[in-house]
Every structure is written in C-alpha cells, then in structure tokens.
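Student: I'd like a close look at the aromatic pairing in this one. Could you start from the basics and then work outwards?

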Amino acid sequence: MVSADSVPQYSELELAINMFVTEFHKAADNGATMNTTQFQTLVSKQMPAVAKTVENEEGLGQVLNQMQVESGQNISFGNFWNLINKQAVQVFSTMLKEKSVKCHCLLQ
C-alpha cells in the first residue's frame, strides 16, 4: 500500500518543467528531435507570441539561429530550451518593467 506521504508533491516550477518536456516530445512524435514543421506547430499551439515571428521563412530562420540550430539540422530539446530561456527573460522583463527589475539569467 502506498501512503500519501510517499507520493511526491511537485511544485508549480517542477510541473512547468514537466510540461515543457512533455509538449516537446508530443510535438516531436516522441522522437529526440523535431523538424521545423513540427516546431512551427508546437509554437503556434503553445507560444502565440513567438508564433507570429515564425510564420515566415525569415522569422523562422532568425528564431532557429537564436536557438543555435544550424541549417538543415533538426531541433533538439537543448535547442528548444534556448528559446524557453530567451522567452522567460523577455516575459520577466515585460511583466516587471515598472518595477525596474532586470533579469540577467543565462542558460550556459
């Protein structure tokens, strides 16, 4: 019998991280990487602010470059995480602009 104490209680942050991983793998058809079409579908469903940027080839190329994806290369979770990092910093900056708080978070 499993007691309630042995079931892990996940924080909102842990649940959000799990959501990123789950959505990536769902978009990649459970593969380790995804192609640009799968990426555009993921972004259009889950990241509407980025979706406007990747609607055309030029914008898609810029986003892929920011994610450190080389031409013709599939997108790994590490590449995707680069985008998440960039978006997190932008959202933080936008939401706290009036408080003059700056985020210098970098994914290394």
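Tutor: Let's settle one term before anything else: a residue is buried under 20% relative accessible area, exposed over 50% and partly exposed in between, using a 1.4 Å probe on protein chains only. On that scale, 25% of the 108 residues in the protein chain come out as buried. Keep in mind that this is a predicted model, so local features need pLDDT of at least 70 and side-chain atom pairs count only at pLDDT 80 or more, while totals for chains, interfaces and linings use all residues. Numbering runs from 1 along each chain as its sequence is written, and side-chain values use heavy atoms, with hydrogens and water left out.

Now the layout. The protein chain has 5 helices and 2 strands, where helices (H or I, at least four residues) and strands (E, at least two) are DSSP runs numbered from the N terminus. In sequence order, that gives α-β-α-α-α-β-α. If you take just residues 13–52, you get 75% helix and 5% strand, with the C-alpha atoms at the two ends 26 Å apart. As for contacts (heavy atoms within 4.5 Å), of those between residues at least 6 apart in sequence, 44% join residues at least 24 apart.

On to the rings you asked about. Rings of Phe, Tyr and Trp (its six-membered ring) pair when their centres lie within 6.5 Å; planes under 30 degrees apart are stacked, over 60 edge-to-face and the rest tilted. That rule picks out 5 aromatic pairs here. Take Phe 24 and Phe 77: their ring centres sit 5.4 Å apart with the planes at 85°, so they are edge-to-face. Phe 24 belongs to helix H1 (residues 12–27) and Phe 77 to helix H5 (residues 77–95), so this pair ties together parts 53 residues apart in sequence. The partners differ in burial, too: Phe 24 is buried at 0% relative accessibility, whereas Phe 77 is partly exposed at 23%. Zoom out a little and the ring pairs link Phe 20, Phe 24, Phe 77, Phe 80 and Trp 81 into a cluster.

Follow that cluster to Ile 75 next. Ile 75 sits in strand S2 and is buried, with 0% relative accessible area. Setting aside neighbours within four places in sequence, its contacts include the ring-cluster members Phe 24 and Phe 80. Also among the contacts of Ile 75 are Ala 32, Thr 33, Met 34 and Asn 35, as well as Thr 36, Phe 39 and Leu 64. With Leu 64, the C-alpha to C-alpha distance from Ile 75 is 8.4 Å, across 11 residues of sequence.

Thr 36, Phe 39 and Leu 64 turn up again where two helices meet: Thr 36, Phe 39 and Gln 40 in H2 touch Leu 60, Val 63 and Leu 64 in H4. Here H2 spans residues 36–46 and H4 residues 57–66, and they pack at about 95° with their axes 12 Å apart. (Axes are lines fitted to C-alpha atoms, for helices over the stretch in contact, with angles from 0 to 180 degrees between N-to-C directions.) H2 and H4 are therefore roughly perpendicular, the class for 65 to 115 degrees; under 35 is roughly parallel, over 145 roughly antiparallel and the rest oblique.

H2 has something to do with H1 as well. Glu 23, in H1, is buried at 16% relative accessible area, and beyond its neighbours within four places in sequence it contacts Leu 42 and Gln 46. Gln 46 is in H2 and is partly exposed at 41%. There's also a link back to the cluster: the C-alpha atoms of Gln 46 and Phe 20 are 9.8 Å apart, though the two residues are 26 apart along the chain.

Last stop, the loops. Asp 29 lies between H1 and strand S1 (33–34) and has a positive phi of about 50° despite not being a glycine. Gln 68 lies between H4 and strand S2 (75–76), and its phi is positive as well, near 65°, again in a non-glycine residue. Asp 29 is exposed at 60% relative accessible area, and Gln 68 is exposed at 58%.
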